[in-house]
Structure formats: structure tokens, C-alpha cells
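Biologist: I would like a close look at one part of this model, followed by an account of the chain around it.

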Amino acid sequence: MKYVTVRVVNSSGSPQSGARVTVGIYHFAASGNSNDEYTNSSGEAEFRLDIDDGAEINIYVNGSEKVSRTKPRSEFKITI
């Protein structure tokens, strides 16, 4: 199990609430996408992913890929 928080900010660093975030999962056993989550007033969307250390993820914000195929970590900050 991996817990991932995606923080979405604008170019001036202010949190963006209401952004749609999706995590794409790539693993030898299965691949697919998480459910969409929307950022809160702090610009954060939280995910509980049923994956192990062999998985890689992509992160999409409002339908656009922002992070390409990387190992999951506890936090990602994305500027839109």
C-alpha cells in the first residue's frame, strides 16, 4: 500500500482547489487509473494506492499528464 499526496499550485505558488487529479498505475500484474480526486482548499488530493515497490505511476491534472512514469513517493507538487 502506498499513500500519495498531490499538491497543485498555480505559477505564483497559491494552492488550486477543485483541480481533478488522477493517478495512472503501471505494474507487471495490472495497470489502470485511480478514481479521480479533487484538490481541497489547500490544493491537495490524497490517494491510497494498492501497489508495491515494483509499480510506477503517472499523474494527470485536469486531464493533462504532469508526471510521467515514475516511482511513487509520498508527495508530489505540481504547478499548473
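Leaving aside its neighbours within four places in sequence, which residues is Pro 15 in contact with?

Modeller: This is a predicted model, in which local features need pLDDT of at least 70 and side-chain atom pairs count only at pLDDT 80 or more, while totals for chains, interfaces and linings use all residues. Residues are numbered from 1 along each chain as its sequence is written, and side-chain values use heavy atoms, with hydrogens and water left out.

Once its neighbours within four places in sequence are set aside, Pro 15 is in contact with Arg 7, Val 8, Val 9, Ser 41, Ser 42 and Gly 43, where contact means heavy atoms within 4.5 Å. Pro 15 itself lies in the loop between strand E1 (2-9) and strand E2; strands here are DSSP runs (E) of at least two residues and helices are runs (H or I) of at least four, both numbered from the N terminus. With a relative accessibility of 35%, Pro 15 counts as partly exposed, a class that falls between buried, under 20% relative accessible area, and exposed, over 50%, with a 1.4 Å probe and protein chains only. Pro 15 also lies 8.8 Å from Thr 39, C-alpha to C-alpha, although 24 residues separate the two in sequence.

To place this loop in the chain as a whole, the secondary structure comes to 0 helices and 8 strands, giving the pattern β-β-β-β-β-β-β-β along the sequence. The radius of gyration of the protein chain is 12 Å, close to the 12 Å that the globule rule gives for 80 residues, so the chain is as compact as a globular protein of that length; the radius is taken over C-alpha atoms, and the rule is 2.2 Å times the number of residues to the power 0.38. Along the principal axes, the C-alpha atoms fill a box of roughly 40 × 20 × 20 Å. Of the contacts in the protein chain with a separation of 6 or more, 55% are between residues 24 or more positions apart, and buried residues make up 35% of the 80 residues.

The strand that follows the Pro 15 loop is E2 (residues 20-26), which is mostly covered, with 5 of its 7 residues buried. E2 is joined to strand E6 (residues 56-61) by 6 bridges in an antiparallel arrangement, two strands being paired if DSSP finds at least two bridges between them, and here Tyr 26 stands opposite Glu 56. E2 also pairs with strand E3 (residues 31-33) in the antiparallel sense over 3 bridges, with Ile 25 opposite Gly 32, and E2 and E3 form a hairpin with 4 residues between them. A further antiparallel pairing, over 2 bridges, links E2 to strand E4 (residues 37-38), where Tyr 38 is the bridge partner of Arg 20.

Between E3 and E4 runs the loop that holds Ser 34, a residue that counts as buried at 15% relative accessibility. Apart from its neighbours within four places in sequence, Ser 34 is in contact with Thr 22, Val 23, Phe 47 and Leu 49.

On the other side of the Pro 15 loop in sequence is strand E1, which pairs with strand E8 in the parallel sense over 5 bridges, Val 6 standing opposite Phe 76. In a regular strand the side chains alternate between the two faces of the sheet. Along E8 (residues 75-79), Phe 76 and Ile 78 point to one face and are buried, while Glu 75, Lys 77 and Thr 79 point to the other and are not.

The backbone also deserves a look. Most residues other than glycine have a negative phi. Phi of Asn 62, however, is near 50 degrees; Asn 62 lies in the loop between E6 and strand E7 (64-70) and is partly exposed, with a relative accessible area of 42%. Arg 69, in strand E7, likewise has a positive phi, near 20 degrees, and is partly exposed at 49% relative accessibility. The charged end of Arg 69 sits over the ring of Tyr 26, 4.2 Å from its centre, the criterion being NZ of Lys or CZ of Arg within 6 Å of the ring centre and within 35 degrees of the ring normal.
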